[in-house]
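Grab your viewer and work through these exercises with the model open. Each task comes with a worked solution, so try it yourself before reading on.

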Amino acid sequence: MNICLVGSSGGHLAHLHMLEPIWKKNNRFWVTFDKEDAQSLLKGERMYPCYYPTNRNLKALVKNTFLAFKVLLKERPDVIFSSGAAVAVPFFYIGKLLGSKLIYIEVFDRIDKPTVTGRLVYPITDRFIVQWEEEKKVYPKAICLGSIF
């Protein structure tokens, strides 16, 4: 299986890295910001740097959309995982067009209202995972796995 793990550096990237039991034995690649924490955490991993800032930045969104086309056409992942943030959006929509399965994990610190990224990708995900039962009021079709990070 070929897995794409896409997310902002910092906490989102750390959360994806904690899913190591899922991705460790599979072919994988990462899409994140080319920052010191990502370089350190992903040493020896295949990584595609994406553009930032991503929150409400149209220029970065356009650049990341072109990047998503390029990377996803080359890599053809079977599944795309993300826990946010905005960089996930173009990868999810283009991945959906190319037939990838999409798994999004909503952040654990947002209980009673959606994140912008969660709201944008929720309609197209194959699995939308939340960590609190209360989040199912916001995302009725989500799967609650409890605290996974």
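**Exercise 1.** Which residue follows α5 with a positive phi, and near what value is that phi?

*Solution.* Keep in mind that this is a predicted model. Step one: go to the end of helix α5, which spans residues 88-97. Step two: read the backbone angles past the helix. Glycine 99 is the residue to spot, with a positive phi near 95°.

**Exercise 2.** Work out how covered helix α5 is, and what does the covering.

*Solution.* Start with the count: seven of the 10 residues in α5 are buried, so the helix is mostly covered. Now put names to them: Ala88, Val89, Pro90, Phe91, Phe92, Ile94 and Gly95. Then look at what sits against those residues. The cover includes strands β1 (2-7), β2 (27-33), β4 (79-84) and β5 (101-105), along with helices α4 (58-75) and α6 (116-121).

**Exercise 3.** Find the largest nonpolar core and say which element gives it the largest share.

*Solution.* The general idea first: in soluble globular proteins, nonpolar side chains tend to be buried together. Here the largest such core has 27 residues, and the ones with the most contacts inside it are Val6, Val31, Phe91, Phe92 and Phe128. Next, sort the core by element. Two or more residues come from each of β1, β2, β3, α4, α5, β5 and β6. The largest share, five residues, belongs to α5.

Zoom in on one of the hubs. Leaving out residues up to four places away in sequence, valine 31 touches Cys4, Leu5, Val6, Gly7, Tyr48, Cys50 and Phe91. Don't stop there, though: a second, separate core has 14 residues, including Ile3, Leu19, Phe81 and Ile105.

**Exercise 4.** Is serine 82 buried or exposed, and what does its list of contacts look like?

*Solution.* Locate serine 82 in strand β4. Its relative accessible area is 0%, so serine 82 is buried. Now list the contacts, again skipping residues up to four places away in sequence: serine 82 touches Val6, Gly7, Leu16, Ala88, Phe92, Ile103, Tyr104 and Ile105. Two of these names, Ala88 and Phe92, also appear among the buried residues of α5.

**Exercise 5.** How many disulfides does the structure hold, and why are cysteine 4 and cysteine 50 not bonded?

*Solution.* A disulfide is a covalent bond between the sulfur atoms of two cysteines. The structure holds zero of them. To see why, take the sulfur of cysteine 4: the closest cysteine sulfur is 10 Å away, in cysteine 50, too far for a bond. The cut-off for a disulfide is 2.5 Å. Running the check from the other end, cysteine 50 has its closest cysteine sulfur in cysteine 4, at 10 Å. Both side chains are out of the way of solvent by the accessibility criterion: cysteine 4 is buried at 0% relative accessible area, and cysteine 50 is buried at 6%.

**Exercise 6.** Find the salt bridges and ask which parts of the chain they link.

*Solution.* A search of the whole structure turns up four. Let's take three of them in turn.

- Lysine 24 and glutamate 20 meet at 3.9 Å, N to O. Glutamate 20 counts as partly exposed, at 30% relative accessibility.
- Glutamate 75 pairs with arginine 46, with the closest N and O atoms 2.5 Å apart. This pair links distant parts of the chain, 29 residues apart: glutamate 75 is in helix α4, while arginine 46 is in the loop between α3 (36-41) and β3 (47-50). Glutamate 75 is buried at 13%, whereas arginine 46 is partly exposed at 34%.
- Aspartate 126 pairs with lysine 96, the closest N and O atoms being 3.5 Å apart. The partners are 30 residues apart, with aspartate 126 in the loop between α6 and β6 (127-130) and lysine 96 in helix α5. Aspartate 126 is partly exposed at 26%, and lysine 96 is partly exposed at 35%.

**Exercise 7.** Step back and decide how compact the whole chain is.

*Solution.* Count the elements first: six helices and seven strands. From the N terminus they run β-α-α-β-α-β-α-β-α-β-α-β-β. The radius of gyration is 14 Å, close to the 15 Å that the globule rule gives for 149 residues, so the chain is as compact as a globular protein of that length. As for burial, 48% of the 149 residues count as buried.

Terms used: Residues are numbered from 1 along each chain as its sequence is written. This is a predicted model: local features need pLDDT of at least 70, side-chain atom pairs count only at pLDDT 80 or more; totals for chains, interfaces and linings use all residues. Side-chain values use heavy atoms; hydrogens and water are left out. Buried means under 20% relative accessible area, exposed over 50%, partly exposed in between (1.4 Å probe, protein chains only). Helices (H or I, at least four residues) and strands (E, at least two) are DSSP runs, numbered from the N terminus. Contact means heavy atoms within 4.5 Å. A salt bridge is a side-chain nitrogen of Lys or Arg within 4 Å of a carboxyl oxygen of Asp or Glu. A nonpolar core is a set of buried Ala, Val, Leu, Ile, Met, Phe, Trp, Tyr and Cys residues joined through side-chain atoms within 4.5 Å. The radius of gyration is taken over C-alpha atoms; the globule rule is 2.2 Å times the number of residues to the power 0.38.
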